[in-house]
Amino acid sequence: MPELPEVESVRRGVDEWTAGALITGAEVVDPRILGTTSARRVDDTAAAAFVRTVTGRRITGAQRRGKFMWLTLDGEDGLLVHLGMSGQMRVHLAADEAHRHTRAVFRLERGEERFDLRFVDQRIFGHLSVQPLVPAHGRLVPASAIHIAPDPLEDAFDINATLAALARKRSPIKAALLDQTLISGVGNIYADEALFRAGIHPLAIAARTRRNRLAAVLESATTVMGDALAVGGTSFDDLYVNVNGESGYFDRSLLVYGRGGQECVRCGGEIAKLTVAGRGSHFCPNCQKPPRYR
DNA sequence: CCGATTCCCTGTTAGC
DNA sequence: TGCTAACAGGGAATCG
């Protein structure tokens, strides 16, 4: 499931391949990827409109904030690409056999090069859309990403502001970490890993957690995502690969995620699993003591 | 206003 | 063995 390190790995590949390229055509194989989560019913008319909107545009580069990625079109609009949990961006020659779950294809031309940029998404939680770029937290971002907070790897990230935002949340810290309006880029895997590395229980209430402990969680999240990015991200379930179809290697460095029932690498105890904010949460009950509030 | 829950999807896996 | 139910989860809408 693509989180910041995976989306950034994809963005880098997409940027290398597409910066300066002309979109000479496009095809929407499955119109559902044009809808938002709530409005999946998108008809062929919308698909045709999407194709008309992107065709003939020049890609200036690929940008990212948190898990939101977009291609700038002529420097004025953004072609938003959200990978959801199984989305992939793949570069292929037009003659290459299409992947079973290809949902959209962009025909690109750059100099003498001609190739396809394909959006592949098994579970259709991802989506594509073209939107005007609007200012948010010191940058221009697609309009639908205006509410997304800066991520820990961008210049606009403000540690003190993020700490203050976390300290206002009366929800479990695991839920707060997943709230993309507080801090972006952190998903279920890295939230669990950050909490384990900081020794914080996922059910600890953010607002009742000491400031230096919250800071430790942020520090851990930043570090673990940076480490993951350095090895191409986490390919836990084979649904994530980069633009060239390559997996990342961080799965072997995961300490708690997906390790329920196994031994804790730190204390030898048993990794437990419970549901927080509707997501599976893996943690060590010994290394991450349950909170005790009066 | 805020936190919790539901829904959108498909492929894999556990269980009867 | 074969079928069904449960599970995985990012993000937005809806609920309480």
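Is Cys 264 buried or exposed? At 3% relative accessibility, Cys 264 counts as buried. A few notes on this and on the sheet follow; please keep in mind that the model is predicted.

1. Let me begin with the cysteines. There are zero disulfides in the structure. Cys 264 takes part in none, and its nearest cysteine sulfur belongs to Cys 287, 3.7 Å away. A disulfide requires the two sulfur atoms to be within 2.5 Å, so this pair is not counted as one.

2. Cys 287 is likewise in no disulfide: the nearest cysteine sulfur is that of Cys 284, at 3.6 Å. With a relative accessible area of 17%, Cys 287 is buried, because the cut-off for that word is under 20%.

3. Now to the sheet. It is open and antiparallel, built from four strands in the order S1-S6-S7-S5. Strand S1 (22–28) and strand S5 (87–92) are its edges, each pairing on one side only. On average, neighbouring strands are turned by 20° against each other, direction ignored.

4. For a closer look at one pairing, take strand S6 (residues 102–110) and strand S7 (residues 113–121), which are joined in the antiparallel sense over eight bridges. Leu 108 has Phe 115 in S7 as its bridge partner.

5. Two helices are worth viewing alongside the strands. Helix H1 (residues 4–18) packs on the sheet and touches S5, S6 and S7, with its direction at about 40° to that of S6. Helix H2 (residues 44–54) also packs on the sheet, where it touches S1 and S6; the direction of H2 makes about 170° with that of S1.

How values were computed: Residues numbered from 1 in each chain as written. Chains lettered and ligands numbered in written order. Predicted model: local features only at pLDDT ≥ 70, side-chain atom pairs only at ≥ 80, totals over all residues. Heavy atoms only, no water. Buried < 20%, exposed > 50% of the residue type's maximum accessible area, 1.4 Å probe, protein only. Pairing = 2+ DSSP bridges. Axes fitted to C-alpha atoms, helices over the stretch in contact; angles between N-to-C directions. Contact = heavy atoms within 4.5 Å.
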